[in-house]
Amino acid sequence: MTARQARWLLTCGLLGLGVAVPALISNTYILHLLVMSCIWAILAVSMNLMLGVTGLLSLAHGALFGIGGYTSALLVVRTGMNFWPALGLAAVAGGLGGLVIGLPTLRTRGPYFVISSLCFGLVVQIMMDKWEDLTFGPLGITSIPVASPLPVPGIGRITFESLPAQYYLVLAVLILAVFLVRRVVDSRVGRAFHAIRVNEDLAEALGVPAMRLALLAFVLSGMIAGVAGSLYAMYITYLNPSDAGFWVSLNGILFVVVGGVGTVAGPIVGAFVMTILPETFRLFEEFRLLIFGLLLIVVIIFFPQGIVGGVRRFWRFARRSPERTTPHA
Amino acid sequence: MKCKCVAVILTLLAAITLAAPSGVAAADKVPFGVITPLSGGAAHYGTNFWRGVQMAAEEINKAGGVSVGGKKVELDPIVCDDEFKSDKSVNCGRRLASMNHVPMIMTPASLSAFPLMGFNEKMEFLLMATSQSPSFTEKGNKLVIRFINNVDRTMDGWLSLLLKQLERTGVPSKSVAIMEVNTQLGKEWVQAFEREWTKRNRVVVGKASYDANETDFNAQLTSLLSKKPDLILLTTVDEPSSLVIKQARQLGFKGTFVNSAASSGERMLELLPPEMVNGTLVELASWALNSPAKQEFERKYRAKYNNETPHLIAGVGYEGVRLYARALDKAGTATDAVKIRQAFPGAYDIPNTIFKMSKLDEKGDIDFPMYLGLLKDKKVLGISE
Amino acid sequence: MELFLQQVANGIMVGGVYGLVALGLTLIYGVLYIPNFALGHQAMIGAYITFFLVSLYRVNYFLAVAIAMAVMALLGVAIERLIFRPIKDAPHVNGFIAAFGLLFLLESSSLIAWGASYRKIETAYDSQVLTILGAHLPLQRIMVVVAVIVIFIAIQLFLRRTMAGAALRAVSQQREAALLVGIDGDRVASLTMAVGSALAAAAGGLIGPVILVFPTMGSMLIVKAFVIIILGGMGSVAGAIVGGFLLGLVESLASGFISPSYKDLYAFLFLVIVLAVRPTGLFGRAH
């Protein structure tokens with residue numbers, strides 16, 4: 001079996017497992033964690049597009065996540081709009097936010113970009129907090145309804161009241177997001193993103209319009225982050241300004257880096273591991289944060305390329321054999 | 001892509017760990033959940049609440065436990081740190097409901113409580129929260145109990161009490177400057193206050209908002225003080241409040257401070273010299289009246305926790321558990337949340353409570369009168385009329 | 001006018017603290033490229049050390065701060081060796097992650113060891129308030145400003161008049177070249193972390209009496225410190241100090257004349273505007 005076939009098999013197997021999960025697991029706590037993992041994975045996928053593919057560490061994506069969440073929640077709660085168009089508008093809002101934030105911040109690079117994106121994110125969070133007429137400020141938005149029923153030709157209507165239904169929804173969006181990003185990465189645009197990450201000046205010299213492409217990456221990832229925020233708001237049913245805050249961006253970066261920057265599986269692995277693992281530490285509630293901090297340090301020292309990178313290294317190590325001293329023809 | 005193996009393996013491992021019964025309830029232990037911030041900016045507040053809960057549970061268990069349906073059972077409070085974040089609160093709630101099968105969850109904060117309302121009826125657990133936020137009981141949720149005051153209901157009476165006291169002591173009170181903490185509770189409290197304040201033809205000369213984790217308020221205070229208010233309204237727990245008081249005094253403010261029930265006053269006395277804090281008036285539950293029950297509670301708390309002063313929220317947690325135990329007794333079940341809720345109104349006949357509370361209505365609100373606490377010469381004097 | 005003076009005084013007093021943390025950070029970030037988000041928490045540990053020395057052992061306040069600085073310097077060396085050195089060749093974002101791991105570690109340790117209650121450092125200076133031209137200036141806060149200036153001079157002397165300082169500057173300007181001429185990069189790294197950590201401890205010990213000591217006291221400080229070093233230019237010592245005071249002034253004056261409700265907004269908005277006009281910050285060199 002070739003590596004490619006193995007990969008296909010694994011992907012199909014995992015997808016099958018993912019779909020079968022609600023039938024296998026009835027424990028609502030675990031199902032809930034899987035839903036949260038999927039939502040965070042969508043955010044991580046968006047941030048990986050920025051960090052892993054285009055090489056830009058943005059700390060503003062928590063704000064874009066929040067913008068998406070607030071957009072759809074406010075539309076649904078205040079105007080009674082159906083969830084699905086609201087979700088679409090959340091994506092648009094996230095993308096717009098990416099544009100507005102990207103334009104000024106992308107004039108800088110390196111640590112300047114990081115901090116200026118952080119500041120923008122904080123400005124957005126503070127605005128969410130203060131613009132009470134629009135967002136209810138610190139009161140937050142309560143009783144956000146679940147996704148409206150979706151009419152499907154032939155089957156009838158799918159409702160999303162139950163936990164398994166919500167799980168399938170976020171899983172489907174996650175798969176869609178991964179697929180979308182994959183398509184972008186494999187396209188010319190994606191290669192240009194990659195060129196920017198490797199050596200921006202060289203890319204520019206070769207005719208790649210770095211600024212415009214970086215902005216495009218920001219907008220695309222902003223749209224995906226906005227969708228994640230919208231799903232989060234719908235699922236948790238309560239949204240407040242801290243959900244647009246720095247800690248969301250921080251979590252996103254943790255997921256991406258711990259999982260494996262720049263890889264396809266990395267952000268997903270990172271999101272799942274970092275959502276589920278700290279929960280297992282609840283047995284030692286008082287020391288939970290301590291263990292988490294220690295683990296983070298240890299992981300980043302011994303797995304600089306994240307979990308996925310580490311697994312790859314191990315794979316290569318395991319596969320090398322004495323006979324293979326000459327490359328295959 | 002092979003690395004998705006890792007995701008699967010880790011998820012399965014985690015699933016096995018999680019599925020393993022954590023703290024399997026012994027036949028005579030009845031669990032209930034406590035979701036509270038034990039880390040992060042609200043750690044002090046959340047820890048106080050948890051300590052109060054633990055103290056009550058231990059005392060009850062030592063005295064033989066609760067009798068439920070003829071059998072004696074022990075209370076088993078299970079704590080979960082939500083880091084004062086809504087999604088972690090949901091994690092905690094889901095975990096407690098599915099893994100520990102708790103029929104009740106208590107929480108001291110609106111931020112933790114509201115997300116839980118999304119699924120507490122579905123998962124059949126009673127939600128007891130100390131949220132002063134009016135909307136907590138306005139959502140039609142049948143399994144919520146508020147065990148503190150609803151600020152909309154108590155503000156009118158309390159404000160009259162406040163103004164009477166100020167008049168009595170000759171303190172000018174025509175204008176107020178508001179330092180509003182940017183939490184849900186802070187906002188709703190100020191909304192209620194402003195409503196009643198302006199009804200009485202008094203003026204709000206300025207409002208500034210701040211984050212409870214901040215430490216420097218000079219910028220806001222200088223601006224507010226330039227409008228020469230008679231009173232400054234604080235709206236948060238003792239520690240940041242005492243910083244506001246200190247900085248305002250250092251900027252030359254000579255007027256009086258007023259604080260909401262988020263503060264219990266005692267800590268402010270410890271952190272500030274008398275000349276800065278004397279005359280401050282705090283909204284207090286009957287905690288202020290320094291009943292024998294409250295003194296007893298304080299004595300026990302200090303003995304257990306290194307002579308630290310308990311925050312009012314510790315007392316609320318303590319009382320909440322005692323109420324719950326009584327409700328279990330009356331309901332005759334420790335697993336049916338609906339029956340427990342129905343039995344709750346009858347649970348208020350406990351003698352010697354720290355707080356005065358009564359008359360639980362169908363929405364989940366109780367009568368929880370609020371009084372004044374006057375900080376003077378290192379003491380909190382309760383004022384009830 | 002009196003109002004304006006008070007706002008200016010507020011801005012300078014709060015800017016002094018910001019500047020102190022920013023100074024430590026600019027050295028660490030500017031020389032080592034380590035985005036040490038945990039520095040605010042290191043300041044917190046310094047404040048706790050000061051608190052325990054003063055309240056438990058009755059040590060003189062200034063001596064306590066000095067001891068806290070020394071202890072933190074050693075801790076800084078340990079942190080550099082154990083955490084940041086192993087990842088020095090990895091992408092910078094890894095340093096970011098490691099710093100947060102350290103932050104959680106420090107915060108949870110102090111929560112477990114000392115609890116969440118706020119602690120008060122009793123000093124004689126905190127209750128005295130000077131009034132100059134109508135503006136009220138608490139003595140403790142003036143001391144912070146004085147300390148900042150003294151430390152700034154000391155650091156400048158260190159950087160320009162000592163061999164160690166020269167080595168530090170060399171590494172920050174041109175790392176490879178410095179290594180080529182035989183400067184020991186690892187020792188410079190340890191030294192930089194030591195000095196930066198000591199500065200953070202000083203900030204914590206000096207501001208502790210004013211704002212009380214508690215586990216999350218450093219959280220906002222570090223964010224503002226990052227803003228300042230970008231404003232002032234990474235690696236620029238003068239930039240950190242001037243940037244600190246500037247940020248304090250912006251916050252204070254904007255709160256006074258625009259609205260006090262948006263205090264935090266002004267700092268971040270200011271940076272956004274400055275960077276839009278000058279992408280390398282006010283004093284920064286182009287990288």
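What percentage of the 385 residues of chain B count as buried? I looked this up first and found that 59% count as buried, where a residue is buried if 20 or more other C-beta atoms, placed from the backbone, lie within 10 Å of its own.

Before going on I noted that this is a predicted model, in which local features need pLDDT of at least 70 and side-chain atom pairs count only at pLDDT 80 or more, while totals for chains, interfaces and linings use all residues. Residues are numbered from 1 along each chain as its sequence is written, and chains are lettered from A and ligands numbered from 1 in the order in which they are written.

**Chain B**

I read the secondary structure of chain B as 13 helices and 13 strands, these being DSSP runs numbered from the N terminus (H or I, at least four residues, for helices; E, at least two, for strands). The radius of gyration, taken over C-alpha atoms, is 22 Å for chain B, close to the 21 Å of the globule rule for 385 residues, so chain B is as compact as a globular protein of that length; the rule is 2.2 Å times the number of residues to the power 0.38. The C-alpha trace of chain B spans about 65 × 60 × 40 Å along its principal axes.

**Chain A against chain B**

Here I counted 45 residues from chain A and 42 residues from chain B in the contact, two residues being in contact if their C-beta atoms, placed from the backbone, lie within 7 Å. On the side of chain A that touches chain B, α12(A) gives the most, with 9 residues. That side divides into 25 nonpolar, 12 polar and 8 charged residues, with Ala, Val, Leu, Ile, Met, Phe, Trp, Tyr, Cys and Pro as nonpolar, Asp, Glu, Lys and Arg as charged, and the others, Gly among them, as polar.

**Chain A against chain C**

I then turned to the contact that takes 31 residues from chain A and 37 residues from chain C, where α5(A) gives the most to the side of chain A, with 11 residues. That side of chain A holds 24 nonpolar, 4 polar and 3 charged residues.

Following α5 (residues 110-130) of chain A, I found that this helix packs with α9 (residues 219-232) of chain C at an angle of about 130°, their axes 10 Å apart. Y112(A), I115(A) and C119(A) of α5(A) make the contact with F226(C), V227(C) and I230(C) of α9(C), and I noted that these divide into 6 nonpolar, no polar and no charged.

How values were computed. Buried ≥ 20, exposed ≤ 12 C-beta atoms within 10 Å, placed from the backbone. Axes fitted to C-alpha atoms, helices over the stretch in contact; angles between N-to-C directions.
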